[in-house]
Amino acid sequence: VKATKDSEAGKMPGEALISEMVGFHEEMAKAGVLVDGSGLHPSSKGWRIKYGKGGKRTFVDGPFAETKELVAGYTIIDVKSREEALAWSKRFPNPSIDGGEGEIEVRQYFDLEDFGESPSVEKARKIGLGQ
């Protein structure tokens, strides 16, 4: 779920939106596709670590200016196809706190198989990554 000025200001959704979101997540849970989902605190409570040349790391404290690039919440589902994911995402409630314009972005996880076989991929499997 994309952040908005309201979510970045710490404004919480009202009971109607919370109810709609919980109901939709309950449907996904009953269908066996829900893995996880939650809202995220505003970027003012977060930070970034920027990586530079030579291994240099820089700490940057929030808030961050561009809300259109921020995430306010997430839902993880496990489905068998892009089409099934699309069908669920088209039913996702409008996440906008004020009922106005909202946006969700859907992304796919990489599977370990996407990387080909290697000792590192095998080690990732052994420690439970990519499952």
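1. A salt bridge is taken here as a side-chain nitrogen of Lys or Arg within 4 Å of a carboxyl oxygen of Asp or Glu. The structure is a predicted model, and by this rule the count in it comes to seven salt bridges.

2. One of these pairs joins the side chains of arginine 125 and glutamate 113, with an N to O distance of 3.3 Å. Arginine 125 belongs to helix H4, whereas glutamate 113 sits in the loop between H3 and H4, so the salt bridge ties together parts that are twelve residues apart in sequence.

3. The two partners can also be described by their accessibility: arginine 125, at 25% relative accessibility, counts as partly exposed, while glutamate 113, at 54%, counts as exposed. Both residues take part in a network of salt bridges that links Glu113, Glu117, Glu122 and Arg125.

4. Glutamate 105 deserves a separate point, since its side chain meets that of lysine 2 in a salt bridge of 2.8 Å, N to O. Glutamate 105 lies in the loop between helix H3 (82–90) and helix H4 (119–126), and lysine 2 lies in the segment before helix H1 (5–8), so this pair ties together parts that are 103 residues apart in sequence.

5. The side chain of glutamate 105 also meets that of arginine 107 in a salt bridge, here at 3.2 Å from N to O. With a relative accessibility of 43%, glutamate 105 counts as partly exposed, whereas arginine 107 has a relative accessible area of 70% and is therefore exposed, the cut-off being over 50%.

Note on methods
Residues numbered from 1 in each chain as written. Predicted model: local features only at pLDDT ≥ 70, side-chain atom pairs only at ≥ 80, totals over all residues. Heavy atoms only, no water. Helix = DSSP H or I, 4+ residues; strand = E, 2+ residues; numbered from the N terminus. Buried < 20%, exposed > 50% of the residue type's maximum accessible area, 1.4 Å probe, protein only.
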